[in-house]
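The exercises below work through one molecular structure, each with a task and a solution in steps. Please have the sequence and the coordinates open while reading.

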Amino acid sequence: MTETPLLEIKNLHKNFGKFQALKGVSLTVPNGRLTALIGPNGAGKTTFYNVVSGRYKPSSGHVYFCGEDVSGTATHKLVGMGLLRSFQITNIFPDLTVLENVLTPVIIHNGKSFSMLRSLKRRSDFKEQAEKILDMVGLAPFSNKVASTLAYGDKRLIEIAIVLARKPKLILLDEPTAGMNPEETDRIINLIKELAAKSGATFFITEHDMKVVFSIAERIFVLNQGTPLAEGTPDEIRSNQAVREAYLGGSLDAKGV
Amino acid sequence: MVGLFSKNFFVGFLVLILMALAPFFVTTHWVIILTEIIIMSLFAMSFNLLFGYTGLLSFGQAGFFGVGAYVSALTLTHLSSSFWVCLPVGIVGAMLFALVIGWFCVRLDEIYFAILTLGFGMMLFTLAHNWLSVTGGSDGLTIASMPVLSIFGHKIELFNPKFFYWVSLTVVSLGIIFLRQIVKSPFGLLLTATRENSQRVSFVGQNVRTVRLVAFTIAGSLAGMAGVLFALFNRIASPEMLHWSFSGKAVLMTILGGSSVFLGPAVGTAVFFVLEHFITSYTTNWMIFLGAILVILVLAFPQGVLGTLATFFSKLNGGRNSD
Ligand SMILES: Nc1ncnc2c1ncn2[C@@H]1O[C@H](COP(=O)(O)OP(=O)(O)O)[C@@H](O)[C@H]1O
Ligand SMILES: [Mg+2]
């Protein structure tokens, strides 16, 4: 028996009116790896995540998660199955404290969304779980700060903590380093490497920074104008002529890769 | 944290004791005004579970308030003369209406949700106004005799304004304690999270509609609870109690007191009724003056009277407001 891949996409299309954002994407993300999806701006990476994570329904094609056809399944159900994501534009609970940001998914994960008769303050077990996750991403010192008051890079870490709280099987990160300064970028990349190695979750990230991608991804998919262009190890992608051309006439070198 | 909790608890307890003692110090006239304030506070607070906590602006909250009023009036005429029957039946009636209407309304949010609640509120009003054989039409349903309330064999005279005040205070306090428990529970955090970012809530695996529907049903039930008391207070269930402008009162009183503080709507209710009472005793053009004063209050207290005061004092203390 062959192992069922974690995520399998078959001939996925997404149209916005007449515009075809995804034109037949097929790919397979194996278990337990750090895979990257790259492509120039407007290639359809975010759209791809939006369809896979249930935000949009596919126009045609199929998404299989753990072998199950989940095309068009509601987001909250996909999350329940272990598919979590972050957004290109930070998506957290700005007016809640950092701890509350993580407590929310912890409550849901424990199936206590509708628990009303016990005070949250008495649930030290929830607090412990949330604090453990904040510790993993290095946000423990900010636990009681209101999320919106944190630095940009730390807000992006909150989103990762929120995602981790659901103990996901697959994590889609949409440009986790977007808008970060070099220091923050290093920090989050090291974190992702560490989590990919330790947390048991599979990471599938999009990234515009080639240096980052080539340094952490084990496998890379390249998307161009809604169509898959190439697939392979970082070395294979680096030397792929079609990929070089897609990136403005071989600017991979210009980007110092 | 624990210290603040016990402080809040202590203040709440003190306020409750003072309220319970009030009838010994004020005239019957004021006992009646206080009764109305208490009942309407629960109504406004039920609205604020949706508005302030869940981020849903409902213009149909009076619908459930009215269902509570009518169902209890109908219960008293057709079913039972006991308070212990008419109160729960009224609440359950409002709960069922809220569950069914909410099922439709939570499909949308923001202004679309508000319009849906307004639409359903109008339908309930028309039902009460036009279904003559059951609701008495525009005359409403008169409550000919007050329900019988006996506690441990003691019969409590609900005709007596003081006794009715104490009964209302007890019922409303229980409603408020229940609300407090909810907003402090895990479900309460989910409500706030939904208000903050409902998309994120579904992206951590919770069906947002279900959260909203449960909140809607609880809010409707508590509005119904206030409605039962209000019908008994007025000895009538009448269509105005379901009118959209009555829902608007909940909005107004909540904004006036502050939607971000737990007791804000209750303070707003008190300010509103006390103002109304004083102004109507001086002039017949009271709406102009009341309107002007409300405008000034809203400008002076942008987060509501209690909300602004709470922010002010927490700044003085240099700490974060615990509510
Ligand atoms: N909701 C939408 N409606 C219409 N067009 C969209 C929508 N989302 C994305 N697009 C279009 O699809 C293309 C791919 O966008 P996107 O997936 O955001 O690219 P990437 O994330 O790779 O930069 C762009 O041309 C974009 O304008
Ligand atoms: Mg994108």
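## Exercise 1: the shell around the ligand

In this predicted model, the residues around ligand 1 are Phe16(A), Phe19(A), Ala21(A), Gly39(A), Asn41(A), Gly42(A), Ala43(A), Gly44(A), Lys45(A), Thr46(A) and Thr47(A).

**Task.** Determine which elements of chain A each supply at least two residues of the shell around ligand 1, and how the residues of this shell divide into nonpolar, polar and charged.

**Solution.** Begin with the elements: strand E2 (19–29) and helix H1 (45–52) of chain A each supply at least two residues of the shell. Of the contributions to this shell, that of H1(A) is the greatest, at 3 residues. Turning to the classes, the shell consists of 4 nonpolar, 6 polar and 1 charged residues.

## Exercise 2: the overall form of the two chains

**Task.** For chain A and then for chain B, compare the radius of gyration with the value that the globule rule gives.

**Solution.** Chain A has 10 helices and 10 strands. Its radius of gyration is 19 Å, close to the 18 Å that the globule rule gives for 257 residues, so chain A is as compact as a globular protein of that length. The C-alpha atoms of chain A fill a box of roughly 60 × 40 × 40 Å along the principal axes, and 41% of the 257 residues count as buried. Among contacts in chain A between residues at least 6 apart in sequence, 66% join residues at least 24 apart.

In chain B there are 14 helices and 4 strands. The radius of gyration of chain B is 19 Å, close to the 20 Å from the globule rule for 323 residues, so this chain, too, is as compact as a globular protein of its length. Its C-alpha trace spans about 55 × 50 × 45 Å along the principal axes, with 48% of the 323 residues buried. For contacts in chain B between residues at least 6 apart in sequence, the share that joins residues at least 24 apart is 74%.

## Exercise 3: two helices of chain B

**Task.** Check the spans of helix H10 (residues 208–234) and helix H11 (residues 244–257) of chain B against a rise of 1.5 Å a residue, and describe their surroundings.

**Solution.** Take H10(B) to begin with: its 27 residues should span 39 Å, and the end C-alpha atoms are 38 Å apart, which agrees. Of these 27 residues 24 are buried, so that H10(B) is mostly covered. Just after this helix, Arg235(B) takes a positive phi of about 55°.

For H11(B), the 14 residues should span 20 Å, and the end C-alpha atoms are 20 Å apart, again in agreement. The buried residues of H11(B) include Phe246(B), Val251(B), Met253(B) and Leu256(B), and the partners against which its buried residues pack are helices H2 (28–54), H3 (61–78), H5 (110–130), H12 (264–282), H13 (286–300) and H14 (305–317) of chain B. Just after H11(B), Gly258(B) takes a positive phi of about 120°.

## Exercise 4: the core and the contact between chains

**Task.** State which residues have the most contacts inside the largest nonpolar core, and which element gives the largest share of the side of chain B that touches chain A.

**Solution.** The largest nonpolar core has 170 residues, and those with the most contacts inside it are Val102(A), Ala161(A), Ile39(B), Phe43(B) and Ala226(B). H10(B) gives the most to this core, with 17 residues. Leaving aside residues up to four places away in sequence, Ile39(B) touches Ser168(B), Val172(B), Ala226(B), Leu229(B), Phe230(B) and Phe233(B).

The contact between the chains takes 30 residues from chain A and 23 residues from chain B. On the side of chain B, helix H7 (161–183), helix H8 (186–196), helix H9 (198–202) and H10 each supply at least two residues, and the largest share, 8 residues, comes from H8(B). By class, this side has 10 nonpolar, 10 polar and 3 charged residues.

## Exercise 5: positive phi in chain A

**Task.** Locate Cys66(A) and Glu175(A), and decide whether each is buried, partly exposed or exposed.

**Solution.** Most residues other than glycine have a negative phi. Cys66(A), however, has a positive phi near 50°, and its place is in the loop between strand E4 (60–65) and strand E5 (68–69) of chain A. With 16 other C-beta atoms within 10 Å, Cys66(A) is partly exposed.

Glu175(A) also has a positive phi near 50°, and lies in the loop between strand E7 (170–174) and helix H6 (182–198) of chain A. Because burial requires 20 or more other C-beta atoms within 10 Å, Glu175(A), with 21 such neighbours, counts as buried.

Conventions
Residues numbered from 1 in each chain as written. Chains lettered and ligands numbered in written order. Predicted model: local features only at pLDDT ≥ 70, side-chain atom pairs only at ≥ 80, totals over all residues. Expected span 1.5 Å × (residues − 1). Buried ≥ 20, exposed ≤ 12 C-beta atoms within 10 Å, placed from the backbone. Contact = placed C-beta atoms within 7 Å. Nonpolar A, V, L, I, M, F, W, Y, C, P; charged D, E, K, R; others polar. Near = placed C-beta within 6 Å. Rg over C-alpha atoms; globule rule 2.2 N^0.38 Å. Core = buried A, V, L, I, M, F, W, Y, C linked by C-beta atoms within 7 Å.
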